[in-house]
Amino acid sequence: MIVLGGSASTELADKVAKELGQKPGRIEVKKFPDGERYIRIHEEVMGQDVALIQSLYKTPDDYIFEYMVIADTLRDMGAANIIGVTPYLAYARQDSRFYPGEALTSASLAKMLEAAGTTSVLTVDCHLHRLGDVSKVFKVPARNLSAMPALGQYALKTLKPKNPIVVGPDEEAEQWAAVVAKELDAEHTAFTKRRIRKEGETESKLELDTGPAIFKGRDVVFADDMISTGGTIAQAAKACKKKGARRIFVLCTHPVLAEGALKRVKAAGVLKVVGTDTIPSPVSTVSVAPVIAAALRSR
Ligand code: R5P
């Protein structure tokens, strides 16, 4: 198998290739002065399986286009299978039509990736809360991996929380809190979140129900798929502090980190945020390369 990294994920592709005991495939991506891309694949891919790693963060439309051109070129060059590894799958949150006429962008993206030649998909802690599983979005085989066991192990060995309680800041995050709690041999709980979004607005107001007061004197470890604005975690952290929590740590797979997000969560009393390299960021301490490599190895 050839491991190829798009420009969103060159470092991650290097790490995945290393885990597999090989060198990453050579690919050249340049930009012309007018912003158009030049792409050249320096590998013989005829009859080969290619894992194309491209996380779709920050400038997703740009990275999606690049992914599609690379996949299309690989197909033209005769690649046998194109495994699309999109650790952060953009647009996953747009999986329902809340108001008439809204685009189901997650479904549109899946169709586009397939049309470009993708024969299967791997992603990590995908945010498809309403659909439940990434395999429901794609027609080709699609699998969701999780960074939570690795984040939990990191917390155990490095953060060493005392008398910890693992908390999912909303109902959907309960699944991730449960995995981290298992690694820490701790109990877990989840808050209830209601987002109120008025028609015509992209920002929503949050209402959190934080349940019984079981935080006094304990270290709280939040587990969530992503931190975007930091609003959810900030609100949840303040509630735990109010209820007497000691130190507060946050584990998240995708540090989307909109401007001011880290400042917001720190100001709410969070001591440390630990994320992964699905999105390169100042808190991307844990790598998802081992879990991706294991999935590629076991196909
Ligand atoms: C929500 O369902 C997600 O799991 C995250 O909690 C949420 O997307 C984080 O967004 P923000 O940081 O903007 O509150």
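This briefing walks through the ligand site, a few buried residues, one helix and two unusual backbone angles. The model is predicted, so local features need pLDDT of at least 70 and side-chain atom pairs count only at pLDDT 80 or more, while totals for chains, interfaces and linings use all residues. Residues are numbered from 1 along each chain as its sequence is written, and side-chain values use heavy atoms, with hydrogens and water left out. Asp225 is a handy thread to follow, since its side chain has an N or O atom 2.6 Å from a ligand oxygen and also makes a polar contact with the side chain of His127.

**Around the ligand**

- The shell around the ligand holds 15 residues, and those that come nearest are Asp224, Asp225, Thr229, Gly230 and Thr232; a residue is near a molecule or strand if one of its heavy atoms lies within 4 Å of it.
- By type, the shell divides into two nonpolar, seven polar and six charged residues. Here Ala, Val, Leu, Ile, Met, Phe, Trp, Tyr, Cys and Pro count as nonpolar, Asp, Glu, Lys and Arg as charged, and the others, Gly among them, as polar.
- In the side chain of Asp224, an N or O atom is 2.5 Å from an oxygen atom of the ligand.
- For Asp225, the distance from a side-chain N or O atom to a ligand oxygen is 2.6 Å.
- Ser228 takes part through its backbone, with a polar atom 2.8 Å from an oxygen atom of the ligand.
- On its own the ligand has 370 Å² of accessible area, and the protein covers 94% of that. Accessible areas come from the Shrake-Rupley method with a 1.4 Å probe, and for residues only the protein chains shown count as cover.
- Strand E10 (192-196), strand E12 (220-227) and helix H6 (231-242) are the elements that give two or more residues to the shell. Helices (H or I, at least four residues) and strands (E, at least two) are DSSP runs, numbered from the N terminus.
- E12 provides the largest share of the shell, four residues.

**Asp225 and His127**

- Asp225 is found in strand E12, whereas His127 lies in the loop between strand E6 (120-124) and strand E7 (142-145).
- Asp225 counts as buried because its relative accessible area is 2%; buried means under 20% relative accessible area, exposed over 50%, and partly exposed in between (1.4 Å probe, protein chains only).
- His127 is buried too, because its relative accessibility is 14%.
- The two residues are 98 places apart in sequence, yet their C-alpha atoms are 7.1 Å apart in space.
- Their side chains are joined by a polar contact of 2.6 Å. A polar contact is a pair of N or O atoms within 3.5 Å; within protein, one must be able to donate a hydrogen and the other to accept it, and residues adjacent in sequence count only if both atoms are side-chain atoms.
- Not counting residues up to four places away in sequence, Asp225 touches several residues, including Asp125, His129, Trp176 and His254; contact means heavy atoms within 4.5 Å.
- With neighbours within four places in sequence left aside, His127 is in contact with Ala92, Arg93, Asp225 and Met226.

**Two more buried residues**

- Val221 also sits in strand E12, and it counts as buried because its relative accessible area is 0%.
- Beyond four places in sequence, Val221 touches residues that include Pro161, Ile165, Leu184 and Phe249.
- Thr86 has its place in the loop between strand E5 (81-85) and helix H3 (105-115), and it is buried because its relative accessibility is 1%.

**Helix H1**

- In helix H1 (residues 10-19), the buried residues are Leu12, Ala13, Val16 and Ala17.
- These buried residues fall within an arc of 135 degrees seen down the axis of H1, so they line one face of the helix; the arc is that of the directions from the helix axis to the C-beta atoms.
- Glu11 and Lys18 are exposed on the other side of H1.
- Cover for the buried residues of H1 includes strand E1 (2-5), strand E4 (49-53) and helix H8 (289-297).

**Positive phi outside glycine**

- Tyr91 is not a glycine, but its phi is positive, about 70 degrees; this residue is found in the loop between E5 and H3.
- Asp125, likewise not a glycine, has a positive phi of about 35 degrees and lies in the loop between E6 and E7.
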